[in-house]
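Q: I have a structure open and want to learn how to read its sheet and helices. Where do we begin?

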Amino acid sequence: MSSVSQISFARGAPSLDIVDVDGLREAAGRAFTNDPAGATAYGTSVGYPRLRAWIAERHGVPVERVLVTNGSMQADAFLFDALVRAGDDVIVERPTYDRTLLSLRERGARVHQVELQPDGIDVQALAALLADERVRPKLAHIIPNFQNPAGYTLSPAKRRALLALAAEHDLVVFEDDPYVALRFSGESLPTMLSMDPERVVYASSFSKTVCPGIRVGYLVGPAELIARIAKLATGTYISPNMVAQAIVYEFCASGTLERSIETVRTALAKRARTLELALRRELPEAEFVTPEGGYFMWVTLPEGTDVQALQQAAGERGVGLVKGTDFLLEGGENTLRLAYSGVTPEQIEEGVARLAEAFHSLQHAAA
């Protein structure tokens, strides 16, 4: 069906129409005008000094606790290199970001997935796992806001309970938070970093709020750990991309970031609502929780649905999606992730109609 327009729910990225290209162009001009030496130099591994200071002020921490990286995945990799060795136990959510699973397994970690509920990780199941003397995790990776892939948010009560368990079991909480600014309904919640800055290492990114191509992320953590990671970064690339970081700084310091975020939030709210209504109308068999922010919705289809076959059938109709099994160590054959950030409301309507057609064609074939 090559003549059918392609509609992708697969990629977690904003569409071009909600990226502030003009604001970025102006920020780039200011970067080269205001600090040409800093923007064009090698710099050091901790990142562009002005952006580093802006991030530190935003989180209310000393600048020594901040390291700016080439995207948040680079931040993740540095943290895992610093803290995780082959055979180490690591806690992650079930489901969790597929690249986190891959990164930890490539390092030889013993990954333990703890069930994710609509209000966040199952802290009772986590407590039971930590009570097992055979499991001694060093690290718990948590995506607290509008989780990828589920779209769920960790509740205030569970944030407190998770930090209490971490303190009891001497566990570092890795708060991986690239979607925090993209809340379009409900109330904002305090970061776990603000609740326990010695126990928590925080990561975020400007890829979701400025644009994906900017590739600027950061870590906030204890100064000693950040210093160790800075040495790893020096050995990896001397310094991250100073030009990109200088542009991000100017974008943020001018107030353009807040205007950009508001544009993105407004668009995401409309797209999430459109997806919710389209699924209820076209695919009533689907179960899901409508997110309050972010890019993603997790969909569970009736038991026995083969989402791998559905992915192929949808692809034949020009629709892309990601199988739930990509985010799990086992199970989830009847689940999928739909990203609504890169598709217009009109594309969502059409894409869900095609997805429902693909689903029902498989049902009829099996009957």
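A: Begin with pairing. Two strands pair if DSSP finds at least two bridges between them. Keep in mind that this model is predicted.

Q: How many bridges join β2 to β9, and do the strands run parallel or antiparallel?
A: In general, strands of a sheet pair through backbone hydrogen bonds, either parallel or antiparallel. Here four bridges join β2 to β9, residues 217-220, and the two strands run antiparallel. Look at V68: Y218 in β9 stands opposite.

Q: In what order do the strands of the sheet lie?
A: Follow the pairs from one strand to the next. The order is β2-β9-β8-β7-β6-β3-β4-β5. These eight strands form an open sheet, and the pairing is mixed.

Q: Which are the edge strands?
A: Look for strands that pair on one side only. They are β2 (66-69) and β5 (120-121).

Q: Which strands does helix α4 touch?
A: Helix α4, residues 72-83, packs on the sheet. The strands in contact are β2, β6 (137-142), β7 (172-176), β8 (200-205) and β9. The direction of α4 makes about 170° with that of β7.

Q: What does helix α6 lie across?
A: Helix α6, residues 123-130, lies across β3 (89-94), β4 (110-117), β5 and β6. It runs at about 155° to β4.

Q: How do the axes of α6 and α7 cross?
A: Helix α7 spans residues 156-168. The two axes come within 10 Å and cross at roughly 5°. Angles under 35 degrees count as roughly parallel, so α6 is roughly parallel to α7.

Q: Which residues make that contact?
A: From α6 come V123, L126, A127 and L130. From α7 come K158, A161, L162 and L165. By class, the contact of α6 with α7 has seven nonpolar, no polar and one charged residues.

Q: Are the residues of β8 buried or exposed?
A: Buried means under 20% relative accessible area. Six of the six residues of β8 are buried, and the strand is mostly covered. V200, Y202 and S204 point one way, while V201, A203 and S205 point the other way.

Q: How does β8 pair with β7 and with β9?
A: Take one side at a time. Four bridges join β7 to β8, and these strands run parallel. The bridge partner of F174 in β8 is V201. On β9, β8 pairs in the antiparallel sense over four bridges. There S205 stands opposite G217.

Methods: Residues numbered from 1 in each chain as written. Predicted model: local features only at pLDDT ≥ 70, side-chain atom pairs only at ≥ 80, totals over all residues. Heavy atoms only, no water. Contact = heavy atoms within 4.5 Å. Axes fitted to C-alpha atoms, helices over the stretch in contact; angles between N-to-C directions. Parallel < 35°, antiparallel > 145°, perpendicular 65-115°, else oblique. Nonpolar A, V, L, I, M, F, W, Y, C, P; charged D, E, K, R; others polar. Buried < 20%, exposed > 50% of the residue type's maximum accessible area, 1.4 Å probe, protein only.
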